[in-house]
Amino acid sequence: MPTYNSHFQSKLPNVPTSIFSVMSALAAEHNALNLSQGFPDFKSDTKLIELVNKAMIQGKNQYAPMPGILNLRKIIVEKTEALYGVSYHPETEITITAGATQAIFTVIAATIKKDDEVIIFKPAYDSYEPSIQVFGGKVIPYQIYPETFKIDWSEVKKLITLKTKMVIINTPHNPSGQILSKNDMQQLAAILKDTNIVLLSDEVYEHIIFDEAQHQSACLFPELAERSFIVASFGKTFHNTGWKVGYCLAPSALMEEFRKVHQFNVFSVNHPTQVALADYLKTPNNYLELGDFYQQKRDLFLSLIKGSRFEFTPSQGTYFQLLNFKNITSEGDFYFAKRLTKEHKIASIPISVFNQDNLDTKVLRFCFAKTDETLKKAAEILCKI
Ligand code: PMP
Ligand code: GLN
């Protein structure tokens with residue numbers, strides 16, 4: 001092996017391998033049930049797979065247009081209008097991306113310069129912070145505490161300075177499973193009004209929302225919509241996280257900047273999958289039934305672990321459930337998550353990795369996007385702990 005002897009200064013000296021890779025690898029090594037990384041253990045709809053197959057056979061195998069195929073952009077825009085009453089222009093205000101991760105990275109690359117400040121809410125999805133830092137931006141964290149999981153917007157307002165360039169929100173929220181209310185969004189709108197701050201709204205779980213709650217998309221609030229990049233992911237919606245297809249919506253001036261980066265970041269996204277999704281999205285029930293589908297899984301999981309020593313507040317959205325283990329052990333959450341994987345054969349995600357200064361609130365995240373059989377096996381294990 002050649003040895004690199006030069007003095008290389010890392011741009012991200014403190015960034016470890018993502019917790020999702022770490023816990024999934026540990027689950028595989030110990031043959032444990034993997035409820036850590038968020039992905040379904042069941043197949044996505046055969047109809048959708050056949051549509052991709054058909055598109056490949058029909059020869060849709062070369063580069064797609066840079067912003068995505070127009071039919072897909074059009075149907076997403078129609079879906080957005082039908083759900084939220086807001087119209088985006090299919091030519092200039094939407095870009096198909098290689099999943100939400102690329103959309104998030106590209107938004108940040110297109111907007112954040114050295115010393116710009118970005119307010120994020122912790123626990124935060126793990127890609128936000130390094131994406132900001134790699135462009136020299138400064139993360140300004142607001143820690144949300146699990147006792148209430150409520151945001152005090154007057155405190156958020158105090159974090160805003162002349163250097164604040166962006167705020168990132170995520171609803172339904174990974175990992176907490178909580179959602180932002182209309183009132184939260186209105187308070188955020190009031191804070192951002194009359195500023196030049198851009199909003200990055202991560203809405204990848206928009207269709208996974210429970211108990212009749214309504215998703216409060218940033219596009220519903222004019223003062224937010226005018227400054228928002230909204231990102232979404234078909235991986236979450238159609239049970240195929242491995243396809244890595246999502247999209248970004250934004251007013252044309254912001255989308256223009258987004259595309260300047262996107263074209264050199266991925267240029268364009270998997271073509272046959274886009275053709276298939278454009279067809280599949282013609283049936284709204286394919287995404288409108290998702291909330292009920294996952295609510296049944298949440299309810300099954302929670303009913304099965306009711307007698308366990310874990311404490312919980314039912315998730316309001318996403319396919320994640322937080323379980324508090326303070327009645328079981330005082331071990332650190334990362335240590336306990338590893339021990340559960342090795343000794344009890346069940347893998348989860350320790351929440352401290354998403355918190356400011358790795359704050360340990362004795363909480364683990366479990367993914368319930370699993371077959372009922374897997375959930376029953378998982379509950380059996382958890383009830384014995
Ligand atoms: N944002 C959040 C909150 C997520 O949970 C995820 C992954 N599940 C992503 C973004 C990334 O989505 P994708 O897999 O489409 O890149
Ligand atoms: N979003 C998924 C989760 O929260 C994981 C995605 C990834 O592995 N990068 O578990």
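Contact, as used in these legends, means heavy atoms within 4.5 Å. The views are taken from a predicted model.

**Figure 1. Surroundings of lysine 370 in the loop between β12 and α15.** Leaving aside neighbours within four places in sequence, Lys370 is in contact with Asn34, Leu35, Gln37, Phe39, Pro40, Asp41, Phe42, Lys297 and Leu375. Its relative accessible area is 2%, so Lys370 counts as buried. Between the C-alpha atoms of Lys370 and Phe264 the distance is 36 Å, and the two residues are 106 apart in sequence.

**Figure 2. The buried and exposed sides of helix α15.** The helix comprises twelve residues, 372-383, and reaches 16 Å from its first C-alpha to its last, close to the 16 Å expected at 1.5 Å a residue. Thr374, Leu375, Ala378, Ala379, Ile381 and Leu382 are its buried residues. Because they cover an arc of only 160° around the axis, these residues lie on the same side of α15. Glu373 and Glu380, on the other side, are exposed. The elements covering the buried residues include β1 (33-34), α13 (290-305), β9 (320-324), β10 (346-347) and β12 (363-367).

**Figure 3. Phenylalanine 301 within the largest nonpolar core.** This core has 116 residues, and those with the most contacts inside it are Leu72 and Phe301. At least three of its residues come from each of domain 1 (19-44 + 288-383) and domain 2 (46-283). Not counting residues up to four places away in sequence, Phe301 touches Leu35, Gln321, Phe366, Phe368, Leu375, Ala378 and Leu382. Among these partners, Leu375, Ala378 and Leu382 are also buried residues of α15.

**Figure 4. The contact between domain 1 and domain 2.** The protein chain is divided into domain 1, made up of residues 19-44 and 288-383, and domain 2, residues 46-283. Across the boundary, 30 residues of domain 1 are in contact with 33 residues of domain 2. The domain centres, taken over C-alpha atoms, are separated by 25 Å. An unreviewed UniProt entry annotates residues 32-381 as "domain: Aminotransferase class I/classII large". That span is 39% helix and 15% strand, and its end C-alpha atoms lie 11 Å apart.

**Figure 5. Surroundings of lysine 122 in strand β3.** Strand β3 runs over residues 117-122 and contains Lys122. Lys122 is buried because its relative accessible area is 5%, which is under the 20% limit for that class. Apart from residues up to four places away in sequence, Lys122 touches Glu129, Pro141, Tyr142, Gln143, Ile144, Phe354, Asn355 and Gln356.

**Figure 6. Two cis peptide bonds in the loop between β5 and α7.** The bond from Thr171 to Pro172 is cis, with omega near -20°. Pro172 is placed in the loop between β5 (164-170) and α7 (182-192). The bond from Asn174 to Pro175 is likewise cis, with omega near 15°, and Pro175 also has its place between β5 and α7.

**Figure 7. Positive phi at aspartate 211 and histidine 239.** Asp211, although not a glycine, has a positive phi of about 55°. This aspartate lies in the loop between β6 (198-202) and α8 (222-225), and Asp211 is partly exposed, with a relative accessible area of 45%. For His239, phi is near 60°. His239 is found in the loop between α9 (234-237) and β8 (246-249); with a relative accessible area of 17%, His239 is buried.

How values were computed:
Residues numbered from 1 in each chain as written. Chains lettered and ligands numbered in written order. Predicted model: local features only at pLDDT ≥ 70, side-chain atom pairs only at ≥ 80, totals over all residues. Heavy atoms only, no water. Core = buried A, V, L, I, M, F, W, Y, C linked by side-chain atoms within 4.5 Å. Buried < 20%, exposed > 50% of the residue type's maximum accessible area, 1.4 Å probe, protein only. Domains from an automatic or database assignment. Helix = DSSP H or I, 4+ residues; strand = E, 2+ residues; numbered from the N terminus. Expected span 1.5 Å × (residues − 1). Arc of directions from axis to C-beta. UniProt positions renumbered as here; feature names shortened; annotations may be inferred.
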